[in-house]
Amino acid sequence: MKKASVFFELISGKQYPSSGHINRSTDSLLVESKDDGLYDDLTVQGYLKFFKNIADFRDPLEEYIATFSLSDVWKTKIKKLTKDQRKRVSLYRMFLFTPEVVLIEDPFNDLTDEGIELYLKSLEQLRTNNIATLFTSNYTEDLLLLSNEVYRYHRLTGLEKTDLAEETDGDTRKNDESESNQPKNVFKVTCKLEDKTIFFSPDEIDFIESINSVSNIRIDDEYFPTDLTMNELENKLSKFGFFRCHRSYLVNLQRVSELISYSKNSYTLILKGNPSAKLPLSRNRLEEMKQLIEF
């Protein structure tokens with residue numbers, strides 16, 4: 001998390017880089033750190049009214065209560081709010097200032113599924129007002145819910161744009177797998193770590209994630225890179241119950257426990273025993289998955 005704070009301070013000009021320089025085209029930006037507090041003794045209404053005056057925001061606050069899903073706590077003291085509600089109050093406060101850019105650290109940290117859904121809905125209000133948003137998170141799955149562009153920080157090379165795997169041509173892989181549905185082949189996914197080659201049975205694998213064109217086998221909290229491409233893995237593992245839920249994710253359907261819809265176009269898969277892993281499900285893959293597991 002310290003990396004995110006340093007990153008935000010560099011962008012906002014509060015800290016100077018030790019080498020090189022940063023070109024900043026605007027100073028109209030706001031930063032929200034993960035542990036930022038609110039004024040707990042004020043009501044939601046009083047808190048936002050206070051910042052409305054500072055920001056010289058012209059519209060009535062009540063006009064956006066529903067947008068930020070705060071109607072039921074409008075006159076409640078902030079100290080009585082849930083984490084979900086506090087995050088939306090904070091988002092509303094930033095909206096009042098109508099900055100050009102907002103930088104937000106780990107927005108989904110400790111939020112419930114409902115909280116994530118309402119947060120994404122509230123976020124649309126900022127985007128429709130042309131407020132650019134930049135988020136940090138430890139989880140790529142969270143960032144994919146927030147944006148189509150994801151960057152990773154590498155200690156030696158700095159920020160690198162994540163190369164999300166190319167979408168496969170869905171039409172070419174339909175209807176020709178019926179004869180290979182029987183799990184009769186023995187297959188192991190191989191991963192090389194230094195001088196060792198590790199073999200994984202398909203049923204050991206939770207999911208596979210493509211990061212910068214490298215396929216990473218995910219088992220519990222550990223990642224193991226493999227030389228196989230996502231398309232090769234999909235071809236080999238589909239008969240073992242794996243499904244390409246997103247261009248960058250191949251999930252073991254036996255591990256899926258929940259399907260959550262945060263919006264009309266946003267679906268997420270939750271895995272058994274690992275609720276923190278939230279895998280994106282592409283809208284155009286939803287029907288295909290429904291047919292596979294018959295729900």
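**Starting from Leu279 and working outward**

Leave out anything up to four places away in sequence, and Leu279 touches Glu141, Phe207, Cys245, Tyr249, Val251, Tyr267, Thr268, Leu269 and Leu271. Keep in mind as you look around that this is a predicted model. Leu279 sits in strand β15, which covers residues 274–281. Is Leu279 buried or exposed? Its relative accessibility is 0%, and buried means under 20%, so Leu279 counts as buried. One of its contacts, Phe207, is 72 residues away along the chain, yet the C-alpha atoms of Leu279 and Phe207 are separated by 8.9 Å.

Let's zoom out for a moment. The protein has 295 residues, and 43% of them are buried. DSSP runs give 7 helices and 15 strands. If you take the contacts with a separation of 6 or more, 58% of them are between residues 24 or more positions apart.

Now back to the neighbours of Leu279. Two of the residues that Leu279 touches, Tyr249 and Val251, point one way from β12, while Leu250 and Asn252 point the other way. Those four residues are all buried. This fits a general pattern: in a regular strand the side chains alternate between the two faces of the sheet.

Which sheet does β12 belong to? It is an open sheet of 5 strands, in the order β10-β9-β8-β12-β11, with antiparallel pairing. The edges are taken by β10 (222–226) and β11 (242–246); each has a single partner strand, so one side of each is left without a neighbour in the sheet. On average, neighbouring strands here are turned by 30° against each other, direction ignored.

You can walk across part of this sheet residue by residue. Strand β12 (residues 249–252) pairs with β11 in the antiparallel sense over 3 bridges, and the two strands form a hairpin with 2 residues between them. In this pairing, His246 stands opposite Tyr249 in β12, and Phe242 stands opposite Asn252 in β12. Strand β12 is also joined to β8 by 3 bridges, again running antiparallel. There, Phe207 stands opposite Val251 in β12. Both Phe207 and Val251 are on the contact list of Leu279, which brings us back to where we started.

Next, take a look at another sheet. This one is open, has 3 strands in the order β1-β2-β3, and pairs them in parallel. Here β1 (29–32) and β3 stand at the edges; each has a single partner strand, so one side of each lacks a neighbour in the sheet. From one strand to the next, the twist averages 15°. Helix α4 (residues 113–128) packs on this sheet and touches β1, β2 and β3, with its direction at about 140° to that of β3.

What holds such strands side by side? In general, strands of a sheet pair through backbone hydrogen bonds, either parallel or antiparallel. In this sheet, strand β2 (residues 101–105) is joined to β3 by 5 bridges, running parallel. Val102 has Thr133 of β3 as its bridge partner, and Leu103 is partnered by Leu134 in β3. Another 4 bridges join β1 to β2, also parallel, and Leu29 stands opposite Val101 in β2.

How many residues of β2 are buried? The count is 5 of the 5, so β2 is largely enclosed by the rest of the structure. Both faces of β2 are covered, with Val101, Leu103 and Glu105 buried on one side and Val102 and Ile104 buried on the other.

Finally, there's the largest pocket, where about 1200 Å³ of space lies. It is lined by 32 residues, and the closest to its centre are Thr136, Tyr151, Arg152, Tyr153 and Leu159. Both sheets we have visited contribute: β3 (132–136), β8 (207–211) and β9 (214–219) are among the elements that each supply at least two residues of the lining. So are α1 (2–12), α5 (140–146), β4 (151–154) and β5 (158–161). Which element gives the most to the lining? That is α1, with 6 residues. By residue type, the lining divides into 17 nonpolar, 9 polar and 6 charged.

Notes: Residues are numbered from 1 along each chain as its sequence is written. This is a predicted model: local features need pLDDT of at least 70, side-chain atom pairs count only at pLDDT 80 or more; totals for chains, interfaces and linings use all residues. Side-chain values use heavy atoms; hydrogens and water are left out. On a 1 Å grid over the protein atoms alone, a cavity is a set of points where a 1.4 Å probe fits but cannot get out, and a pocket is an open set with protein on both sides within 12 Å along at least five of seven lines; lining residues have an atom within 4 Å of a point. Grid points are joined across faces, edges and corners, and a volume is the space filled by probe spheres set on the points. Ala, Val, Leu, Ile, Met, Phe, Trp, Tyr, Cys and Pro count as nonpolar, Asp, Glu, Lys and Arg as charged, and the others, Gly among them, as polar. Two strands pair if DSSP finds at least two bridges between them. Axes are lines fitted to C-alpha atoms, for helices over the stretch in contact, and angles run from 0 to 180 degrees between N-to-C directions. Buried means under 20% relative accessible area, exposed over 50%, partly exposed in between (1.4 Å probe, protein chains only). Contact means heavy atoms within 4.5 Å.
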